[in-house]
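Okay, thanks for making time, everyone. I'll put the structure up and then walk through what I noticed.

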Amino acid sequence: MPKRLLIIDPVSTNRIHLSSLLESAQYRVESAAEIAELDERKLQGTDLVLLNVHRENPSRILQELNGVKALSDVPVLGICLLYT
């Protein structure tokens with residue numbers, strides 16, 4: 001069964017590029033600029049959250065993630081995406 005990943009990044013180009021790379025490696029990917037955009041039902045079964053830490057306030061998004069029941073036990077990996 002493919003792993004489910006969630007990408008949170010305010011830059012749509014980053015989300016699209018990373019999603020296509022991961023989907024070609026057989027991962028199932030959800031992505032959003034902000035956690036508020038996602039339906040909690042779609043988050044069920046998420047195995048890993050990829051969070052772009054090259055943003056204004058990554059601690060705010062971490063606080064929001066703590067409030068999402070479906071993601072309470074899901075690890076968060078901070079990444080820095082700087083595509084040109």
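Let me begin with Arg60, which counts as partly exposed at 31% relative accessibility. Bear in mind that this is a predicted model.

So what does Arg60 do with its side chain? It meets the side chain of Glu34 in a salt bridge, 3.2 Å from N to O. That pair ties together distant parts of the chain: Arg60 is in helix α3, Glu34 is in the loop between β2 and α2, and they are 26 residues apart. Glu34 also counts as partly exposed, at 24% relative accessibility.

Arg60 has another partner, Glu64, with a salt bridge of 2.5 Å, N to O. Those two are four residues apart in helix α3, so about one helical turn separates them. Glu64 comes out as partly exposed too, at 26%. Put together, Glu34, Arg60 and Glu64 form a network of salt bridges.

How many salt bridges turn up in a search of the whole structure? Three. One of them I haven't mentioned yet: the side chains of Asp39 and Arg41 meet at 2.5 Å, N to O. Asp39 is partly exposed, with a relative accessible area of 30%, while Arg41 is exposed at 67%.

Now an acid that goes without. Asp9 sits in the loop between β1 and α1. Asp9 is buried but has no salt bridge, and the nearest side chain of opposite charge, Arg15, is 5.5 Å away. The cut-off for a salt bridge is 4 Å, so a 5.5 Å separation doesn't qualify. What Asp9 does have is a polar contact of 3.0 Å with the side chain of Asn14.

On to the fold. There's an open sheet of four strands, ordered β2-β1-β3-β4, with parallel pairing. β2 and β4 are the edge strands, each pairing on one side only, and the twist averages 20 degrees from one strand to the next. If you zoom in on β3 and β4, they pair over four bridges, and Val49 has Val76 in β4 as its bridge partner.

As for the helices, α1 lies across β1, β2, β3 and β4, at about 175 degrees to β2. Our Arg60 helix, α3, lies across β1, β3 and β4, at about 155 degrees to β3.

Last one, a backbone oddity. Most residues other than glycine have a negative phi. Gln26 isn't a glycine, yet its phi is positive, about 75 degrees. Gln26 is in the loop between α1 and β2, and it is exposed, with a relative accessible area of 58%.

That's my tour, happy to take questions.

Key: Residues are numbered from 1 along each chain as its sequence is written. This is a predicted model: local features need pLDDT of at least 70, side-chain atom pairs count only at pLDDT 80 or more; totals for chains, interfaces and linings use all residues. Side-chain values use heavy atoms; hydrogens and water are left out. Buried means under 20% relative accessible area, exposed over 50%, partly exposed in between (1.4 Å probe, protein chains only). Lys and Arg count as positive and Asp and Glu as negative; His and the chain ends are not counted. A polar contact is a pair of N or O atoms within 3.5 Å; within protein, one must be able to donate a hydrogen and the other to accept it, and residues adjacent in sequence count only if both atoms are side-chain atoms. Two strands pair if DSSP finds at least two bridges between them. Axes are lines fitted to C-alpha atoms, for helices over the stretch in contact, and angles run from 0 to 180 degrees between N-to-C directions. Contact means heavy atoms within 4.5 Å.
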